[in-house]
Amino acid sequence: MNQANRNLIALAARVLLAGLFLFSGFNKIFNFAATQEYMASAGVPATAVLLVLTIVLELVAGTMILIGYQAMLAAGALIIFLIPVTLIFQNPLAYTDPLAVQHHTIHLVKNLAIIGGLLHIMAFGGGAWSV
């Protein structure tokens, strides 16, 4: 594969990965109260403050990955964020209903795959077509 194709693939990967966090951040803004209630139901304290910090992190780090500016730093911050989020919100062992277990297992594995993509950015950076 030539370098131009590699650069295009790295850009596409950044766009797709960043899009997830940008969508999630904006979704939380437009559904603030419902998100706050969901966080509280999981036992998260200080939901308003943590939700605002989450929105800021997802939007800022997502934008950084999208444009490739300090992408390694942004990826690291999102990994640190995703570890407790995954353990709190996507723990299939916390459920007995088979459908809930399946649902949370899928989201747990999805989050692990996202962390894998972020680790790749940490290891190799954003690629040549970055700011």
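Leaving aside neighbours within four places in sequence, which residues is N7 in contact with? The legends below take this up first, in a model that is predicted.

**View 1. N7 and its contacts in helix α1.** Here we meet N7, whose place is in helix α1, spanning residues 3-30. Its partners are A128 and W129, once neighbours within four places in sequence are set aside. N7 counts as buried because its relative accessibility is 12%, and the cut-off for buried is under 20%.

**View 2. The largest nonpolar core.** This core has 17 residues. Those with the most contacts inside it are F21, I65, L78, L82, I114, L118 and I121. At least two residues of this core come from each of α1, α3 (47-67), α4 (71-89) and α5 (98-124). Helix α4 gives the largest share, with 7 residues.

**View 3. The surroundings of I65.** Have a look around I65, which touches R14, A18, A71, A74, A75, L78, L118 and I121, not counting residues up to four places away in sequence. I65 is also listed among the residues with the most contacts inside the largest nonpolar core.

**View 4. A second core.** Separate from the largest core, this one has 7 residues. Among them are L22, M39, V44 and I55.

**View 5. V60 and F21.** V60 sits in helix α3. With a relative accessible area of 45%, V60 is partly exposed. In sequence, V60 and F21 are 39 residues apart, while in space their separation is 9.2 Å, C-alpha to C-alpha. F21 may be familiar from View 2, as one of the residues with the most contacts inside the largest nonpolar core.

Technical notes
Residues numbered from 1 in each chain as written. Predicted model: local features only at pLDDT ≥ 70, side-chain atom pairs only at ≥ 80, totals over all residues. Heavy atoms only, no water. Helix = DSSP H or I, 4+ residues; strand = E, 2+ residues; numbered from the N terminus. Buried < 20%, exposed > 50% of the residue type's maximum accessible area, 1.4 Å probe, protein only. Contact = heavy atoms within 4.5 Å. Core = buried A, V, L, I, M, F, W, Y, C linked by side-chain atoms within 4.5 Å.
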